[in-house]
Amino acid sequence: MAKYQRLRDRVARELPEVSMGVAPRASDGELALAHAPAYIQAVADGTLDAMAMREIGFPWSPEMVERSRRSAGATIAAARAALGLGGRGEGVAGNMAGGTHHASKNKGGGFCVFNDAAVATRLMQAEHARARLRNVPALQVAIIDLDVHQGNGTASIFSTDPSVFTLSLHGQKNFPFRKEASNLDVDLPDGCTDDPYLQALEHALDELDRRFQPGLVIYLAGADPFEGDRLGRLKLSYDGLEARDRRVFDWAWQRRIPLALAMAGGYGVNIDETVQVQINTYRVALEYWKRWNS
């Protein structure tokens, strides 16, 4: 948990051009765009059964619920800022936490309570529908999930929704051991290094481009493919992860697609190594924000 504060401190100190705000609190109505009301109520009340809480991995507390609401709210705010519905969009914005992609409609899992990318996607589609002019098509959203663990919750939420494209590049033998079908899943072997990873990403983005034309990208920039991660099982270097980030931002920039990012997983043996991966992502994001706003 210490990585979140350390990342915020480093962004404030090293990237003063990044404007930071307090994460808003996602309401029950916003969460219900992606989650069952009974599940939201049970989380809020602390009435989830012991097995459900074990699957999430956190002990219940009012603070846990509040943090989970604000983690979802921060991705909503980032997507709203990137898109600029009703005004000028920033083009790029981020959540310094989030990426809680194991939460599905009726349950959480793997340290994920509410699925921030799914909630933000559904809310941006609703807001876009209210704001758009006649004959403007519905907002299509691509969720590019580069956390080392497959985004099973996100895949299940959007399994029958053609307006959302879910792409997951992940460790084949890693958690979750029962995976859901994304629109595009790319399984990577243990020990995968920079070059094969970047080749796989390039092919995946080409396939996304052939099959889907999004108006918004939500990017889960997991730090856990890093070679020093305790849970990742892949072997990407700092340079490889920065190249990964640049390729995703390049892909969105070339198509002028607004992008909202979330940090997703990162479990370094040395927490400062995880934070270094994440601050590098924010450095790249800031470069692209400058392009959008030049």
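## Pockets, cavities and sheet at a glance

The residues that line the second largest cavity split into three nonpolar, five polar and one charged. That comes from a predicted model, and the values here are computed from it. The model has two cavities of 30 Å³ or more, plus a largest pocket of about 990 Å³ and an open sheet of six strands. A couple of backbone oddities are worth a look too, among them a cis peptide bond between Phe175 and Pro176.

**Second largest cavity**

- This cavity holds about 40 Å³ of space.
- Its lining is made up of Ile143, Asp145, Gly151, Thr154, Ala155, Thr166, Leu167, Ser168 and Ser182.
- Strand S2 (141-145), helix H7 (152-157) and strand S3 (164-171) are the elements that each put two or more residues into that lining.
- S3 has the largest share of the lining, with three residues.

**Largest cavity**

- The largest cavity has about 70 Å³ of space inside.
- Around it sit Phe58, Arg67, Ser68, Ser71, Ala72, Thr100, Phe111, Cys112, Val113, Phe114 and Asp116.
- H5 gives the most to this lining, namely four residues.
- Sorted by class, the lining of the largest cavity comes out as six nonpolar, three polar and two charged residues.

**Largest pocket**

- The volume of the largest pocket is about 990 Å³, and 29 residues line it.
- Nearest the centre of the largest pocket you'll find Met20, Gly21, Gly94, Asn95 and Met96.
- Two or more lining residues come from each of these elements: helix H1 (2-14), helix H5 (62-83), strand S1 (92-95) and helix H10 (271-292).
- H5 is the top contributor to the lining of the largest pocket, with seven residues.
- The lining of the largest pocket breaks down into 18 nonpolar, six polar and five charged residues.

**Second largest pocket**

- About 550 Å³ of space is found in the second largest pocket.
- It is lined by 28 residues, and Lys3, Tyr4, Phe111, Gly266 and Tyr267 are the closest to its centre.
- H1, H5 and H10 are the elements that supply two or more residues each to the lining of the second largest pocket.
- H1 has the largest share here, at three residues.
- The class split for the lining of the second largest pocket is 11 nonpolar, 13 polar and four charged.

**The sheet**

- Six strands line up in the order S1-S6-S5-S2-S3-S4, giving an open sheet with parallel pairing.
- S1 and strand S4 (184-188) are the edge strands; each has a single partner strand, so one side of each has no neighbour in the sheet.
- From one strand to the next, the twist averages 15 degrees.
- Strand S5 (residues 216-220) and strand S6 (residues 259-262) run parallel and are joined by four bridges.
- If you want to trace the pairing by eye, Tyr219 has Leu261 in S6 as its bridge partner.
- H10 packs on the sheet, where it touches S1 and S6, and its direction makes about 150 degrees with that of S1.

**Backbone oddities**

- Some background first: most residues other than glycine have a negative phi, and most peptide bonds are trans.
- The bond joining Phe175 and Pro176 is cis, with omega at about -5 degrees.
- Pro176 sits in the loop between S3 and S4.
- Phe111 isn't a glycine, yet its phi is positive, at about 70 degrees.
- The place to look for Phe111 is the loop between S1 and helix H6 (116-131).
- Phe111 has a relative accessibility of 43%, so it counts as partly exposed; that class covers what falls between the 20% and 50% cut-offs.
- Phe111 turns up in the linings described above as well: it is one of the residues around the largest cavity, and it is among the closest to the centre of the second largest pocket.
- Arg233, not a glycine either, has a positive phi of about 70 degrees.
- Arg233 belongs to the loop between S5 and helix H9 (238-254).
- With 39% relative accessibility, Arg233 is classed as partly exposed.

Notes:
Residues numbered from 1 in each chain as written. Predicted model: local features only at pLDDT ≥ 70, side-chain atom pairs only at ≥ 80, totals over all residues. Heavy atoms only, no water. 1 Å grid on protein atoms, 1.4 Å probe; cavity = no way out; pocket = protein on both sides within 12 Å on 5 of 7 lines; lining within 4 Å. Points joined across faces, edges and corners; volume = space filled by probe spheres on them. Nonpolar A, V, L, I, M, F, W, Y, C, P; charged D, E, K, R; others polar. Pairing = 2+ DSSP bridges. Axes fitted to C-alpha atoms, helices over the stretch in contact; angles between N-to-C directions. Contact = heavy atoms within 4.5 Å. Buried < 20%, exposed > 50% of the residue type's maximum accessible area, 1.4 Å probe, protein only.
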